[in-house]
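The exercises that follow are meant for someone meeting this structure for the first time. Please try each task with the sequence and the model open before reading its solution.

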Amino acid sequence: MNAIKKFVSLMLILVFSVSMSLNSYAIVAVNTPEYPFGLGSVLDDQVQTREMLCEEWEDWKENYLSESGSLRVISTDNINTTSESMGFGLLLSVYFNEKTTFDSLYRYVKLCSNANGLMNWKTKDGQIVGAGTDTGADENIALALIFADSMWGSNGDMNYANDARTLLDNIHTHSITSNYINPGDDFDSPKFLSQVAPGWYDIFEDFSGQSFWSTVKANEYNLVLQATNPSTGLFPDRCIIGGASLGSEFGYEAIQLIFRMAVSYSWYGDANAKNYLSKMLVFFNNIGAENIVDGYALNGTPKRNNHSPAFVSAISAGFMTGTSMQQATEFYEECYATKDNYFYNATLRLLSLMYMTGNFQNLYTGGRQIQQADGSNQSDNPSDTTGVTVPLTLSAVGKAGYISLTWNTVSGVKGYYVFKSTVSGGQTTTPETDFWVTGTTFEDMKTNPGTKYYYIVRPVLQDNSLGAASNEVSATPLSKSTTIELIIGDPYMKINNASKEIDTGKGTAPSITNGRTFLPIRTVIEELGGSIEWDGKEKKITIHLNNKTAELWIGKKEIFIDGVKKVLDVAPYISNTNRTMIPLRFIEGLGCVLVWEGGTVQKATIIYEGLNTQQDNTQNGDNKPNGGEEIGTWLGTWFTDYGRMELTQSGNEITGIYGEEKHTLRGTVSGNKFMGTYNEYGSIEQLEFSMSSDGLSFVGIYGEKDTPQSEWSQWNGKRERDVLSAYLRILTTPSNWAGTWETDYGTMVLTQNGNSVTGTYGENAYTITGTVSNNKLTGKYNEDGSICKIEFYMNEDNKSFKGSFGDDQTPRQDWSTWDGAQTEVDFFIE
C-alpha cells in the first residue's frame, strides 16, 4: 500500500524491538490466544504483546512492591498495605509465573491474618492498622491459590490446594450470610458490588465440591439486577438486599464488577454477565472511550470530570463480551494510552491490558501464563535438559465435543507428541497419534463431554528422542448437543434435563397466539451459545448463532438469514413481559432440529448440535455447476487490489489475511458491509468493504481513523468461485483414473496407486501428479519447469471429466478449461 507508511512502521517496530531487547525477557512465539467465549485478543502479535505486558509488570513491581519488613504490596500512599492490594499482587504473580514473588507475598498474607483465617484489611510492616476483612480481596487470594496449585502444584514448601480449601471454608463461615457475600467478617450490610465475582464462584464450586457457591452466584446476580438502572445499565457502588442503592453512584467500587463479569463470560460463557453488561456498553459506546469520566449518577449524569485509568480500563474490558472487535480495539487503545501512578488505577489498567490481549486466561481449566523465559521465570516446572532451550507452554480449551490444544513453537525440533490421561500425572508413554504433530495445535476429538482430561506435550528432537514435557493442563469438553424443552404456558424450561426459569421473575412462557406457537427467542438463543442484538429505533432483532446470522423486525414477516431473504407465515411480536416472541418454526432456519408434541401437554423440543462443519455435496438434478460460492457471507478467498485475501467468518465476526506477507485484518459485518481494521507491519488502520448484491465482489476503502473517508484509498476485490465444485460426487471408493484419455491438451496416460495418480500428457510427455478424493483429482502439471495446479472431476459416466488449471494468483473461475474423455481403461488400480 503506502510505501512511506510501511517504512515508518518497520522503523517503529525495529526501534521497539531494540528497546525490548535491553530487558531480561525472551518471549517465545505463541498463537494468538482466545477465550472459550466472546472475543479473543485485540492484538495479533503476541510476542510484542507479551513483551509489553512484562514491561508493564516490571513497572508495577517497581512502584508497588515494598520489602519493608517483608515483601508486600503497598498502595499509593507508599506506606500501608491492604488485603485488596495483596490479592491483586498474588494474582499478577501467578500470571507472570513468578513463584518466589508469590510465595513471599503469601507469607505476608498469613502473617497478617486474623483468628478467622482471613487477612486484616490494612497493615504496615506486619502490624495491624485496620482490623476487619475485605471479602473481595479474600476471593482474589483464594483464586490466586487455586491458580498457583494448577500451575506449580502443591508438593513444595507451600500446599496451595489445602490453603485454598481452608480459605474458602473460612469465607463461607465468616463472610457469607444466607448465601449472600458480606463486605467483611465483621458486618453484613451494605453489600459491595465490587465483591461480586461470578466466574470465581464457578471455580470455587468445582475446586471445593461445595454446591452452595451456585446459590451465592444466583443471589448476587439478583442483587445486581435489582440495583441496576434499567435505562443506562449502570449499577451503584453499594446497595442493600432488595437492590436499593446507597449513594446512587456508579463509582470506583462498581467498576471492578465490570471486569469480573466480563472475565466470567469469557471463561464460562456466563449469559447473565453478558446480558447485564450489554446495556451499559451501549451507554459507554455512545459516550466514547476518550470521554469517560470517574463517576456517574445511575441515570448517566457525570459526577466528576477526571479521565480515570481505572474507569477507562474496566469499561474497556466489558467490550470483550460484545461482538465487535473494532469497538473492543478502540477501547483497548484508550485503555493503553490512559495511565497514572495511583495504585488502583494502575492495577485495573494492567489487569485489563492482560485480559483484552487474551492473557488473563482461566488457569484452573488449562489456560496459559504470561511467558517469561529467562532466570526471572521462577516456575517449579522442570527445565529442559535435552537441548531445547525454550520450554513448552501448553494450554487447553474445552470446545463443543472436543478439546483444543495450543502451545508455543520450539526451534530445532521435528514435531511434537501429545499425551493424554483422565488422571493428573497419569499419561502413559503412548501418544495420541502414530505420527508427530508438526504444527502447534491439536484438536482431540476422542473425548466425552463432562469428562476432564489432562494433557502434556513433548517435542521430538532431531535424533528422534523426546524432549522435556510441557506443563500439564486440563480441560473438559462441552456438550456437543444441546436439548431445550419448552412447554406452552410454562415459565420454566429444561436444558439438557436441567430445569431453569425462562425469564427470572417475569413469568415469560411459550404461547399459542392466533393459532401459531411462539417462543421467547432471547433465552433460547443464549442457551444455545448464541447472542442477540436489539435495535430499538428499527425494532430489529439480530441473532448470531455460530456461523449463521438472522435479521428480523417486530411486526414484519420478512427476515434475512445470512443475507438471504425469507418470509415467515406470522410476524414476531413483543409479549406483555416485554420479551421478543418468534414463531416456533423459525428456529429450524438456524440449524436446529425441532420436535413438536401436540398432546395434552404441548411441548417443543429443540436439539442443536453446534457448528455444522459438513459440506452439502448434493448434486443438482441436471448435473450443472451452480458456482459453489456462499452468497451473503464473507467466508472464502478474494482477489483484491492488494493481493489474495482469505477470510473466515463466525456469526458477524471476520478475521483474515491478505497479500504475500499475510498481513492480518479483522472486523464485523453489518448488512452488506464489512467494517474493521488491517494490520500491516504493526500499523493498524481502518477499512470498510461493501459486498455486491450477488455476493461476488466488493468495493472498499481504507485509511487512517482520523482522516475523512473521502480521502481514503480504494480497495476492491472479487470472490473466488470454484465453478466445478458442483460436479463433486461422494463415493465409497475413489474414482479410477488409470487409463488413456484424449484431452484439450493432447493424449494423457495415467496410472493410479491407491489414491495417488501419476502420468504424462501431450507430445512432449509433460508430467502430471495428483491425489484422488471421491471423483475429484487435484494436483499439478510440470511443463518445461512451469508448474500449475489442476482440478479434474470425473463425470457420472466414468468415461469423461470436466477440469481446469491455473495458479494461486488467479481466481478459480478464471482458470483455463481442461476437459477430456477416456479411450482406454485400465481396470487395475495398484
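Two strands are said to pair if DSSP finds at least two bridges between them. The model used throughout is a predicted one.

**Exercise 1. A pair of strands and the sheet around it**

Task: Find how many bridges join S21 to strand S22, and then place the two strands in their sheet.

Solution. Begin with the pair itself: three bridges join S21 to strand S22 (residues 516-520), and the two strands run antiparallel. One of the facing positions can be picked out by name, since threonine 513 has arginine 516 in S22 as its bridge partner. Next, widen the view to the open sheet, in which four strands follow the order S21-S22-S29-S28 with antiparallel pairing. At its edges stand strand S21 (511-513) and strand S28 (573-574), each of which pairs on one side only.

**Exercise 2. Threonine 82 and its surroundings**

Task: Decide whether threonine 82 is buried or exposed, and describe the sheet in which its strand takes part.

Solution. The first step is to locate the residue, and threonine 82 lies in strand S3 (residues 81-82). The second step is to compare its relative accessible area of 13% with the cut-off: because buried means under 20%, threonine 82 counts as buried. The third step is to look across to the partner strand, where S3 is joined by two bridges to strand S4 (residues 122-124), running antiparallel, and where lysine 122 stands opposite threonine 82. Lysine 122 also appears among the contacts of threonine 82, which, once neighbours within four places in sequence are set aside, are Val73, Ser75, Trp121 and Lys122. The last step is the whole sheet, an open one of three strands in the order S3-S4-S5 with antiparallel pairing. S3 and strand S5 (127-130) each have a single partner strand, so one side of each is left without a neighbour in the sheet.

**Exercise 3. Helix H8 and two of its contacts**

Task: Work out how H7 is oriented relative to H8, and how H8 is oriented relative to H10.

Solution. Take helix H7 (residues 198-208) and helix H8 (residues 212-227) to begin with, whose axes come within 8 Å and cross at roughly 170°. Angles over 145 degrees count as roughly antiparallel, and therefore H7 is roughly antiparallel to H8. On the H7 side the contact is made by Pro198, Tyr201, Asp202, Phe204, Glu205 and Ser208, and on the H8 side by Trp213, Ser214, Val216, Lys217, Glu220 and Tyr221. Sorted by class, the residues of this contact are six nonpolar, two polar and four charged.

Turn now to H8 and helix H10 (residues 271-287), whose axes come within 12 Å and cross at roughly 10°. Angles under 35 degrees count as roughly parallel, and therefore H8 is roughly parallel to H10. Here Tyr221, Val224 and Leu225 in H8 meet Asn272, Ala273 and Tyr276 in H10. This contact has five nonpolar residues, one polar residue and no charged residues.

**Exercise 4. Two buried residues**

Task: Find where isoleucine 315 and asparagine 408 are placed, and state what lies around them.

Solution. Isoleucine 315 is placed in helix H11 (residues 309-318), and it is buried, with a relative accessible area of 1%. Not counting residues up to four places away in sequence, isoleucine 315 touches Ile258, Leu281, Phe284, Ile292 and Phe331. Its C-alpha atom is separated by 9.2 Å from that of serine 352, which is 37 residues apart from it along the chain. Asparagine 408, by contrast, sits in the loop between strand S13 (402-407) and strand S14 (415-421), and its relative accessible area is 0%, so asparagine 408 is buried. From asparagine 408 to leucine 392 the C-alpha distance is 6.2 Å, with their places 16 residues apart in sequence.

**Exercise 5. A covered strand, and the whole chain**

Task: State how many residues of strand S31 are buried, and what share of the protein chain is buried.

Solution. In strand S31 (residues 602-608), five of its seven residues are buried, so that the strand is mostly covered. S31 pairs with strand S18 (residues 482-487) in the antiparallel sense over six bridges, and alanine 604 in S31 is the bridge partner of leucine 486. For the whole protein chain, buried residues make up 52% of the 830 residues, and the chain holds 14 helices and 49 strands.

Key
Residues are numbered from 1 along each chain as its sequence is written. This is a predicted model: local features need pLDDT of at least 70, side-chain atom pairs count only at pLDDT 80 or more; totals for chains, interfaces and linings use all residues. Side-chain values use heavy atoms; hydrogens and water are left out. Buried means under 20% relative accessible area, exposed over 50%, partly exposed in between (1.4 Å probe, protein chains only). Contact means heavy atoms within 4.5 Å. Axes are lines fitted to C-alpha atoms, for helices over the stretch in contact, and angles run from 0 to 180 degrees between N-to-C directions. Angles under 35 degrees count as roughly parallel, over 145 as roughly antiparallel, 65 to 115 as roughly perpendicular and the rest as oblique. Ala, Val, Leu, Ile, Met, Phe, Trp, Tyr, Cys and Pro count as nonpolar, Asp, Glu, Lys and Arg as charged, and the others, Gly among them, as polar.
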